[in-house]
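Student: Before we look at the model, could you show me how to read its features in turn, giving the general idea and then the case at hand?

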Amino acid sequence: MTITPARRPGLAEHLKDKGAAMRAAADRRPHDTDWDEEIGAVCVADDATGVRKVRIGDWSFIGDGGPDIGGFGLGPSSPELLCAVISTCLTHTLLCIAALDEIPIDRVEVHVRARNNDARFFEVPSDAPDVPYDLRATVSLTGPSSAQQYATLRAAADERCPMLKMVRSQHTIELDTDTSDSAD
């Protein structure tokens with residue numbers, strides 16, 4: 001007797017469902033104002049570790065630095081989290097475009113790397129930028145689609161990825177002061 005293992009649906013099958021869900025959502029929400037939402041995250045440091053506890057909706061994780069910056073290496077650093085944010089957003093952008101354009105993919109892998117130099121935090125003179133720099137994303141797509149389809153998909157994602165756009169552009173961020181907890 002031969003037992004055939006149960007087939008586990010792969011990414012290509014998920015993309016069919018994702019495309020259908022996205023088209024249905026676009027039909028339900030046809031105006032750009034239907035998509036406007038406020039998002040946010042909260043970070044708290046309040047114990048002897050100095051670990052940064054991040055809360056985003058129902059999810060929690062921590063950020064930390066290494067011993068040279070007074071941390072314990074208990075979580076990723078902020079520059080590493082930036083690479084992760086770009087990586088996940090670029091991956092999701094690729095998936096969304098592939099789903100809508102019906103491009104089958106079996107696997108997406110996005111590596112994001114950057115250079116980082118914290119010398120200025122230590123008052124060490126440096127000519128290096130004071131933000132992560134030389135960012136590079138490497139996208140690997142595998143599946144039954146042609147190399148040309150994947151090249152077109154990469155180019156579309158490069159143009160449309162919100163976090164790539166954010167990093168490539170300049171935005172202002174207002175830094176408000178919450179005085180409700182001050183010791184005055």
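The dialogue below takes up salt bridges, surface patches, a helix and backbone angles.

Tutor: This is a predicted model, in which local features need pLDDT of at least 70 and side-chain atom pairs count only at pLDDT 80 or more, while totals for chains, interfaces and linings use all residues. Residues are numbered from 1 along each chain as its sequence is written, and side-chain values use heavy atoms, with hydrogens and water left out.

Student: How many salt bridges does the structure hold?

Tutor: Side chains of opposite charge can pair when their charged atoms come close. A salt bridge here is a side-chain nitrogen of Lys or Arg within 4 Å of a carboxyl oxygen of Asp or Glu, and the structure holds five. One of them joins Arg168 to Asp158, with the closest N and O atoms 2.7 Å apart. Because Arg168 lies in helix α4 (residues 162–168) and Asp158 in helix α3 (residues 147–160), the pair ties together parts that are ten residues apart in sequence. Helices are DSSP runs of H or I with at least four residues, strands are runs of E with at least two, and both are numbered from the N terminus.

Student: Is Arg168 buried or exposed?

Tutor: Buried means under 20% relative accessible area, exposed over 50%, and partly exposed in between, with a 1.4 Å probe and protein chains only. Arg168 is exposed, at 56%, whereas Asp158 is partly exposed, at 37%.

Student: Which residues form the nonpolar patch on the surface?

Tutor: Patches are made of residues with over 30% relative accessible area and no salt bridge, with like charges joined within 9 Å and nonpolar side chains (Val, Leu, Ile, Met, Phe, Trp, Tyr) within 5 Å. The nonpolar patch consists of Ile69, Phe121, Phe122 and Val124, which together have about 420 Å² of accessible area, a quantity obtained by the Shrake-Rupley method with a 1.4 Å probe, where for residues only the protein chains shown count as cover. Ile69 sits in the loop between β3 (59–63) and α2, and is partly exposed because its relative accessibility is 43%.

Student: What span should helix α2 have?

Tutor: The expected span is 1.5 Å times one less than the number of residues. For the 24 residues of α2 (residues 78–101) this gives 34 Å, which agrees with the 34 Å between its end C-alpha atoms.

Student: What phi does Glu102 take just after α2?

Tutor: Most residues other than glycine have a negative phi. Glu102 takes a positive phi of about 55 degrees, and Asp134, in strand β5, has a positive phi of about 50 degrees.
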